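Reader: I am in my first year of study and should be grateful for a close look at one part of this structure. Please explain the terms as they arise.

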Amino acid sequence: MEIKEFYDYCREIASYGSAAALVEWDMRTKMPPKAASDRSIVAGKLGRTAFEMSTSPRMAAFVEYFNRPAVNKQLSDVDRRNVELETKRYRKISAIPAEKYEKFMVACSKGEYVWQEAKAKSDFAMFRPYLEEIVAYQKEFVEYYGYEQNRYDALLDDYEPSITTQDLKVIIDGLKSELVPFIRQLREQGTRPDTSCLTGTFDKAAQEQMSLDVLKTMTYDFEGGRIDETAHPFTTGIGFGDVRVTTHYYEHNIASALFSTMHEGGHALYEQGVSEAYRWMSIHRGASMGVHESQSRTWENLVGRSEAFWKYYYPRLQNRFPQFQNVALDDFYKAINVVEPSLIRIEADEVTYNLHIMLRFEMEEALINGRAQVAELPELWNAKVKEYLGIDVPDDAHGVLQDVHWASGLFGYFPSYMLGNLYAAQFFATARQEIPDLEEQIAAGNLGALREWQRSRIHQYGALYDPKDLVVRVTGKPLDYHYFMSEVKEKYSRIYGIVPPESK
Ligand code: ZN
């Protein structure tokens with residue numbers, strides 16, 4: 001058996017995946033409404049074909065052969081990693097009886113449907129039996145997958161391979177102990193920025209031009225992608241040379257499109273930067289959900305909410321939106337960096353965001369290990385929001401029902417969002433060291449300097465390394481939340497005019 005046969009087969013699978021991604025993109029952007037029902041059949045068929053091929057007898061034969069020690073040690077590092085990723089996928093999917101997996105998928109689609117209505121009515125009791133069924137499946141699957149220390153490890157592994165529940169607990173305990181008092185200090189001692197300049201009416205056509213311009217400034221490659229408008233912004237890698245982003249425009253909120261465009265642009269730069277030599281391979285994607293999120297967060301927050309970037313970009317924004325002519329740069333900069341404990345995760349600022357993730361992780365981990373029951377979730381949720389963010393949850397729609405993830409059966413996903421913020425800060429600290437004039441480059445509008453650094457240190461490798469190894473390769477150290485903490489302490493102490501607390 002030749003490795004070329006394995007790659008040919010992977011390319012076939014990836015072709016179906018690519019077609020499915022294109023159909024899904026079309027469904028969310030351009031499709032006329034009457035096509036919806038038939039198009040979901042097409043998308044489903046393509047997705048299912050790729051899925052079945054990944055667990056076919058043919059793939060089983062590749063997995064068996066290329067994992068023989070004598071054969072495996074002859075492989076190149078790239079070949080071995082591709083075999084490893086396909087093997088992992090094969091074993092994970094095959095661990096669950098197909099019939100059971102299908103029932104789970106049905107439970108999730110019912111769950112999502114009921115969740116929408118339950119959220120609209122703010123009625124957790126209505127959603128509860130559906131969520132109970134989904135959680136029961138997750139607990140069962142964990143036993144099929146197997147785990148070493150914590151049941152939750154088996155779920156986390158789908159999104160953040162090489163990071164364990166224990167790793168997360170250590171990070172969260174430390175981060176929480178510094179973040180919660182810092183946020184309290186900002187609120188009690190700091191001067192809250194005036195955000196009134198961000199309200200008003202912002203011409204939609206001008207916002208569209210701004211999004212195009214921002215992406216160009218970020219060096220997003222329009223020969224290998226495009227931007228469209230959707231209800232919820234997303235990025236999709238259709239395949240090599242085709243990485244598309246979407247954003248959403250609100251007439252009365254300019255910050256939304258601005259930062260979601262930069263966020264999605266950051267995801268897209270990652271995918272556009274993976275080595276061409278890896279096209280069609282399993283490693284032609286990000287190292288993990290968290291590392292992917294680190295790239296979007298870097299552009300959205302560490303660049304997009306920085307003083308340096310706005311030194312360059314603010315005059316351009318003022319030209320497009322005359323209402324900013326009378327707003328000083330410093331006032332604008334402070335306004336886009338307001339810190340406000342809030343109820344909704346996706347609207348949370350850079351500083352309070354991680355607290356939203358911590359409480360979700362703690363609840364998921366307790367559920368999967370049987371230390372909490374679905375019925376207790378609203379009460380648990382509200383208590384944690386009060387404890388970490390200091391605010392009261394008025395109803396379940398603004399609390400436990402706000403995210404679709406649990407209804408979709410995505411347990412183990414949330415921590416990636418937090419890890420993304422932490423990786424981003426650690427990578428950026430290294431970029432600052434290795435590009436001594438990074439701030440000046442950004443302030444001059446030369447964002448290619450950072451992009452090149454990301455490409456050479458992170459993007460080009462795709463999923464060649466697990467996140468734990470990648471962080472050490474790039475920064476010389478294991479993941480450490482202190483990079484994030486010192487970044488926000490320094491930045492926000494200045495913005496809020498407080499004396500920064502000592503670092504622990
Ligand atoms: Zn993202």
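Author: The account below begins with one helix and then turns to its surroundings, the salt bridges and the metal site.

The model is predicted, so local features are given only where pLDDT is at least 70 and side-chain atom pairs only at pLDDT 80 or more, while totals for chains, interfaces and linings use all residues. Residues are numbered from 1 along each chain as its sequence is written, and side-chain values use heavy atoms, with hydrogens and water left out.

The part chosen is helix 7, which covers residues 124-145. Helices here are DSSP runs of H or I with at least four residues, strands are runs of E with at least two, and both are numbered from the N terminus. The expected span of a helix is 1.5 Å times one less than its number of residues. For the 22 residues of helix 7 this gives 32 Å, and the end C-alpha atoms are 30 Å apart, which agrees. The helix nevertheless bends by about 30 degrees at Tyr130; the bend at a residue is the angle between axes fitted to the seven residues ending there and the seven starting there.

Both ends of helix 7 have features to note. At the N-terminal end, Asp123 acts as a cap, with a side-chain oxygen 3.2 Å from the backbone nitrogen of Ala125. Just after the helix, Gly146 has a positive phi of about 85 degrees.

Several residues of helix 7 are buried, among them Phe124, Phe127, Leu131, Ile134 and Val135. Buried means under 20% relative accessible area, exposed means over 50%, and partly exposed lies in between (1.4 Å probe, protein chains only). Tyr137, Gln138, Phe141 and Val142 are also buried. The cover over the buried residues of helix 7 includes helix 6 (98-121), helix 8 (151-156), helix 15 (353-368) and helix 16 (377-389).

Of these covering elements, helix 15 is itself mostly covered, as 16 of its 16 residues are buried. Its 16 residues should span 22 Å, and the end C-alpha atoms are 23 Å apart, which agrees. Just after helix 15, Gly370 takes a positive phi of about 75 degrees.

Helix 15 also takes part in a salt bridge, defined as a side-chain nitrogen of Lys or Arg within 4 Å of a carboxyl oxygen of Asp or Glu. Side chains of opposite charge can pair when their charged atoms come close. Glu365 forms such a bridge with Lys169, the closest N and O atoms being 3.5 Å apart. Glu365 lies in helix 15 and Lys169 in helix 9 (residues 165-189), so the pair ties together parts that are 196 residues apart in sequence. Glu365 is buried at 3% relative accessible area, whereas Lys169 is partly exposed at 28%.

Helix 6, another part of the cover, holds a salt bridge within itself. Lys103 pairs with Glu99, with 4.0 Å between the closest N and O atoms. The two residues are four places apart in helix 6, about one turn of the helix. An α-helix has 3.6 residues a turn, so residues three or four places apart point the same way. Lys103 counts as partly exposed at 48% relative accessibility, and Glu99 counts as exposed at 61%.

A residue of helix 7 is also reached from helix 5 (residues 77-95), where Lys92 is placed. Apart from neighbours within four places in sequence, Lys92 is in contact with Tyr145, Ala154, Asp157 and Asp158, contact meaning heavy atoms within 4.5 Å. Lys92 is buried at 14% relative accessibility. Together with Lys88, Asp157 and Asp158, Lys92 belongs to a network of salt bridges. A search of the whole structure finds 41 salt bridges.

Finally, the metal site may be described. The zinc ion is coordinated by His263 (NE2), His267 (NE2) and Glu293 (OE), at 2.1 to 2.3 Å. Donors are N, O and S atoms within 2.8 Å of the metal (3.2 Å for Na, K and Ca), and sites may look incomplete because water is not among the atoms. The donor residues are spaced H-x3-H-x25-E in sequence. Both histidines, His263 and His267, lie in helix 11 (residues 254-273), four residues apart, about one turn of the helix. His263 is buried at 11% relative accessibility, and His267 is likewise buried at 11%.

Conventions
A polar contact is a pair of N or O atoms within 3.5 Å; within protein, one must be able to donate a hydrogen and the other to accept it, and residues adjacent in sequence count only if both atoms are side-chain atoms.
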